[in-house]
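Hi everyone, thanks for coming. I'd like to walk you through a structure today, so please get it up on your screens.

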Amino acid sequence: MHRKIGVMGGTFDPIHHGHLVAASEVADRFSLDEVIFVPTGQPWQKSEREVSPAEDRYLMTVVATASNPRFSVSRVDIDRGGLTYTADTLADLHASIPDAELFFITGADALQQILSWRKIDELFRYAHFVGVTRPGYELADGHLPEGSTSTVEVPAMAISSSDCRARVAAGRPVWYLVPDGVVQYISKRSLYMDPGR
Ligand code: ATP
Ligand code: MG
C-alpha cells in the first residue's frame, strides 16, 4: 500500500507550536503516515531580513520534532541551497519516495501566493495542497483545479515566527509558544538577540 506523506515547508526561524499543531491536525484529517518538515534553503542575497543560518533552523526543527515518531526532517532544500521553490522541493521528494502520495501543507496566505504561480499544474501533479487557516477563515479558491486543495482549521494560528523573534529581541518569553528544547537552543546560540535582524 502506498504511503501518505505530509510535506511541511517553512523557514522555521524558529519552528513553533503553530507549525507542529498544523502538521498534527492535517496528519489526523488525512490519515497521513508521516509528516516531513523541510526547512528552506539559505537565500543567496539579503532580503529585507537576514535569515538565521540553515543549520540552526534545521537543528531547531529536529529538536522540535524528535519526540514524534511520525515527524521527520528533510535536508533537501538546505542542501540544494539558495532560494527554495516549492516545485523543486516536491520534485526532489517525489524522486526519493516515488510511490508516496504527497500532501503539501501550507498557511492559507502562502497557498494564495502559490496559486498565482506559473507552472501551477506541475505542482498539482506532485501533491495535494492543504491550506491551514484560522477557525472561521474562508479560502478564496479562484481558479483552483477541482479537488486539488483542501483547508484545515488550526487552533494555534496566532503564533508566528516573527512574533517569537520580536519577543526574544525584547527580552520577553517564548516559553510555550515554541517547544522547550527550542527555547533552550535559541538561548544557547543567542539567536534573535539583535532587534535589527
Ligand atoms: P514568519 O512570521 O517569519 O512569516 P511563520 O510563523 O509564518 O514565520 P514560516 O516558517 O514562514 O513561519 O511558516 C512555514 C509554514 O507554516 C507556512 O506555510 C506558514 O503559512 C505556516 N504557518 C506559520 N504559522 C502557522 C501557524 N501558527 N499555524 C499554522 N500554520 C502556520
Ligand atoms: Mg509566514
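I'll start with the ligand, go on to the core and helix 4, and finish with a few loop residues.

One thing before we dive in: this is a predicted model.

Okay, ligand 1. There are 18 residues around it, and the ones that come nearest are Gly-10, Gly-18, Gly-107, Ser-161 and Ser-162. If you sort the shell by character, you get 8 nonpolar residues, 9 polar and 1 charged. Which parts of the chain do they come from? Four elements supply at least two residues each: helix 1, at 17-29, strand 4, at 101-107, helix 5, at 108-114, and helix 7, at 161-169. Helix 1 gives the most, with 3 residues.

So let's stay with helix 1 for a moment. Helix 1 is 13 residues long, and from first C-alpha to last it reaches 18 Å, close to the 18 Å you'd expect at 1.5 Å a residue. Quite a few of its residues are buried: Gly-18, His-19, Leu-20, Ala-22, Ala-23, Val-26 and Ala-27. Just after the helix comes Ser-31, with a positive phi near 50 degrees.

Now the core. In soluble globular proteins, nonpolar side chains tend to be buried together. Here, the largest nonpolar core has 49 residues, and Val-7 and Ile-105 are the ones touching the most other members. Helix 1 turns up again, giving the most to this core with 5 residues. What does Val-7 contact, if we skip its neighbours within four places in sequence? The list is Ile-36, Val-38, Thr-89, Leu-93, Leu-102, Phe-103, Phe-104, Ile-105 and Ala-127.

Two of those Val-7 contacts, Thr-89 and Leu-93, bring us to helix 4. The buried residues there are Thr-86, Thr-89, Leu-90 and Leu-93. Those four cover an arc of only 90 degrees around the axis, so they sit on the same side of helix 4. If that pattern of numbers looks odd, remember that an α-helix has 3.6 residues a turn, so residues three or four places apart point the same way.

Right, on to the loops. Between strand 1, which is 4-10, and helix 1 we find Pro-14. The peptide bond joining Asp-13 and Pro-14 is cis, with omega at about 0 degrees. Phe-12 is in the loop between strand 1 and helix 1 too. Phe-12 isn't a glycine, but its phi is positive, near 50 degrees. Is Phe-12 buried or exposed? It has 25 C-beta neighbours inside 10 Å, so it counts as buried.

Compare that with Tyr-176, which lies in the loop between helix 7 and helix 8, at 180-188. Tyr-176 also isn't a glycine and has a positive phi, about 75 degrees. But Tyr-176 has 11 C-beta neighbours inside 10 Å, so this one counts as exposed.

Last stop: Leu-83, in the loop between helix 3, at 76-80, and helix 4, at 86-96. Leu-83 counts as partly exposed, because it has 14 C-beta neighbours inside 10 Å. Leaving out neighbours within four places in sequence, Leu-83 is in contact with Gly-41 and Pro-43. And if you go 18 residues along the chain, from Leu-83 to Glu-101, the two C-alpha atoms are separated by 25 Å.

That's my tour. Thanks for listening!

Technical notes
Residues are numbered from 1 along each chain as its sequence is written. Chains are lettered from A and ligands numbered from 1 in the order in which they are written. This is a predicted model: local features need pLDDT of at least 70, side-chain atom pairs count only at pLDDT 80 or more; totals for chains, interfaces and linings use all residues. A residue is near a molecule or strand if its C-beta atom, placed from the backbone, lies within 6 Å of it. Ala, Val, Leu, Ile, Met, Phe, Trp, Tyr, Cys and Pro count as nonpolar, Asp, Glu, Lys and Arg as charged, and the others, Gly among them, as polar. A residue is buried if 20 or more other C-beta atoms lie within 10 Å of its own, exposed if 12 or fewer, and partly exposed in between; C-beta atoms are placed from the backbone. Two residues are in contact if their C-beta atoms, placed from the backbone, lie within 7 Å. The arc is that of the directions from the helix axis to the C-beta atoms. The expected span of a helix is 1.5 Å times one less than its number of residues. A nonpolar core is a set of buried Ala, Val, Leu, Ile, Met, Phe, Trp, Tyr and Cys residues joined through C-beta atoms within 7 Å.
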